[in-house]
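The report below follows one protein chain through its sheets, its helices and the surroundings of its ligand. Please read it alongside the sequence and the model shown here.

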Amino acid sequence: MARLPASGAPADAAADAPGGDLATPPRVAPEPGRAWVAWRRAPFPVDWSKAFGRSAPLHLEVGFGDGRFTVRRALEAPHEDYVGLEVSTVSVQRALARIRRERVGNVRVAKVGAAVALRQLFAPHGLQSITVNFPDPWPKERHERHRLLRRPFFAMAASRLVAGGEIRLATDHPEYLAFARDEARADGRYELLERVPPTAVFETKYALKWREQGKPLHYQVFRLERPSDTHPAHLEAPATMPHAFLTGTFPDPDQLPSDAKRVEAYADAHVIVHEGAQVLGGRDRWLFRVTVDETELTQQLLVVAQRRESGEVIVRLERFGDPLITPAVRGAVHAVVEWLVEHAGFAVRERNY
Ligand SMILES: C[S@@+](CC[C@H](N)C(=O)[O-])C[C@H]1O[C@@H](n2cnc3c(N)ncnc32)[C@H](O)[C@@H]1O
């Protein structure tokens, strides 16, 4: 089987060790290296030819689990490039270990949810295919909104896939299959194809598990017939981190209302300021815990309010957690500013968000 040159450090005993579960922490941590994509710091869309060091047809796999399918497929097609997405840290660690162990050079992985990744990381018509093997089925009706292959996903894929590009779904779940078919038909741009899957599809970790339980496995291809000619925009790197300058005095925490939670609604998002807390030993520095909930992404943030030498107070986003600066994240700074105005009597001198 043809192999590309190894990526990153040579495989060693630690890298060869199997990943563990939470009780047995995995010995292989995600480390900077060629296979790991620090996507939050990348310009959007990612320049994949730079990331792979060559131009080749680009394929995406969502929810690669332990990465066995991704690696197998990449080894079988050394002239194509593969990007894998996962939300599970343990899965990312396992896949990275496998990539090092198998010395595969044409795979990159990122820890990021599919919806935000599909929009931000890929250029219009930059992908040949999207593989989704055994997605979480979310079987309860009230949880359907968590399913991946819903209409918004098909719509975004119609922008990011090439004409004739494919979404390939494997599932053990007939209701999910029917659901995805209905969503694709409702989108109207896909042809539904029945096809025998490559052997590796029904040999993923979950495929083997479901087969062992005697469940029938299904495979469905959605071929993009009419690619979208409008493209959801990518986020641009902001020139400055959002911030504001206020004048006023921090109150004694005891004087603040006990339930000062604040919720701000935006078009497709909302911001929740959960609480503010004075930093230990620092009367003039407060931290606010904020959730920003957007259609494609939920982020937990810290916003800091801190007195400067000039006497005024700066309110700004902390870099903690490497936040992605979306419009609603700017709203997080706004919400904290409004919180300080309302509950602590601050006045706003300047807003930069
Ligand atoms: C049932 S497992 C299947 C794993 C693997 N494809 C297999 O067949 O063995 C579903 C995987 O999808 C991942 N996942 C769930 N939602 C995701 C999302 N929005 N983006 C990326 N991965 C996701 C989960 O962490 C999990 O590893």
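## Sheets, helices and ligand shell

Strand 9 and strand 10 (residues 269-279) pair in the antiparallel sense over 4 bridges, where helices (H or I, at least four residues) and strands (E, at least two) are DSSP runs numbered from the N terminus, and two strands pair if DSSP finds at least two bridges between them. Within this pairing, Glu264 has Val271 of strand 10 as its bridge partner. This is a predicted model, in which local features need pLDDT of at least 70 and side-chain atom pairs count only at pLDDT 80 or more, while totals for chains, interfaces and linings use all residues. Residues are numbered from 1 along each chain as its sequence is written.

The two strands belong to an open sheet of 7 strands, ordered 9-10-11-12-13-8-14, with antiparallel pairing. Its edge strands, each pairing on one side only, are strand 9 (262-265) and strand 14 (347-352). Neighbouring strands of this sheet are turned by 20° against each other on average, direction ignored; axes here are lines fitted to C-alpha atoms, for helices over the stretch in contact, and angles run from 0 to 180 degrees between N-to-C directions. Helix 9 (residues 327-344) lies across strand 8 (243-247), strand 9, strand 10, strand 11 (282-294), strand 12, strand 13 and strand 14, and runs at about 50° to strand 10.

Arg308 is found in the loop between strand 12 (298-307) and strand 13 (313-317). Arg308 is exposed because 10 other C-beta atoms lie within 10 Å; a residue counts as buried with 20 or more other C-beta atoms within 10 Å of its own, as exposed with 12 or fewer, and as partly exposed in between, C-beta atoms being placed from the backbone. From C-alpha to C-alpha, Arg308 and Glu212 are 63 Å apart in space, and they are 96 residues apart in sequence.

A further open sheet of 7 strands has the order 3-2-1-4-5-7-6 and mixed pairing. Its edge strands are strand 3 (107-111) and strand 6 (190-193), each of which pairs on one side only. In this sheet, neighbouring strands are turned by 20° against each other on average, direction ignored. The table sets out two of its pairings.

| Strands | Sense | Bridges | One bridge pair |
|---|---|---|---|
| Strand 2 and strand 3 | parallel | 5 bridges | Glu86 and Lys111 |
| Strand 5 (residues 161-171) and strand 7 (residues 218-224) | antiparallel | 6 bridges | Leu169 and Gln220 |

Helix 3 (residues 68-76) packs on this sheet, touching strand 1 (58-62), strand 2, strand 3 and strand 4 (127-133), and its direction makes about 175° with that of strand 2. Helix 6 (residues 151-160) also packs on the sheet, touching strand 4, strand 5, strand 6 and strand 7, with its direction at about 140° to that of strand 5. Of the 10 residues in helix 6, 7 are buried, among them Phe153, Phe154 and Met156. The cover over these buried residues includes helix 5 (114-120) and helix 7 (174-187). Strand 3, despite its edge position, is largely enclosed by the rest of the structure, because 4 of its 5 residues are buried.

The ligand has 20 residues around it, of which Gly63, Gly65, Ala114, Thr204 and Tyr206 come nearest; a residue is near a molecule or strand if its C-beta atom, placed from the backbone, lies within 6 Å of it. Strand 2 (81-86) and helix 8 (205-212) each supply at least two residues of this shell, and helix 8 gives the most, with 3 residues. The shell divides into 10 nonpolar, 7 polar and 3 charged residues, where Ala, Val, Leu, Ile, Met, Phe, Trp, Tyr, Cys and Pro count as nonpolar, Asp, Glu, Lys and Arg as charged, and the others, Gly among them, as polar.

The protein chain holds 9 helices and 14 strands, and its C-alpha atoms fill a box of roughly 70 × 50 × 40 Å along the principal axes. Buried residues account for 38% of its 353 residues.

The mean pLDDT (the predictor's confidence in each residue, from 0 to 100) is 88 for the protein chain, and 90% of its residues reach 70 or more. Over residues 1-22 the pLDDT is below 50, although this stretch has 46 contacts in the model beyond near neighbours in sequence, two residues being in contact if their C-beta atoms, placed from the backbone, lie within 7 Å. Where pLDDT is low, the predicted coordinates should not be read in detail.
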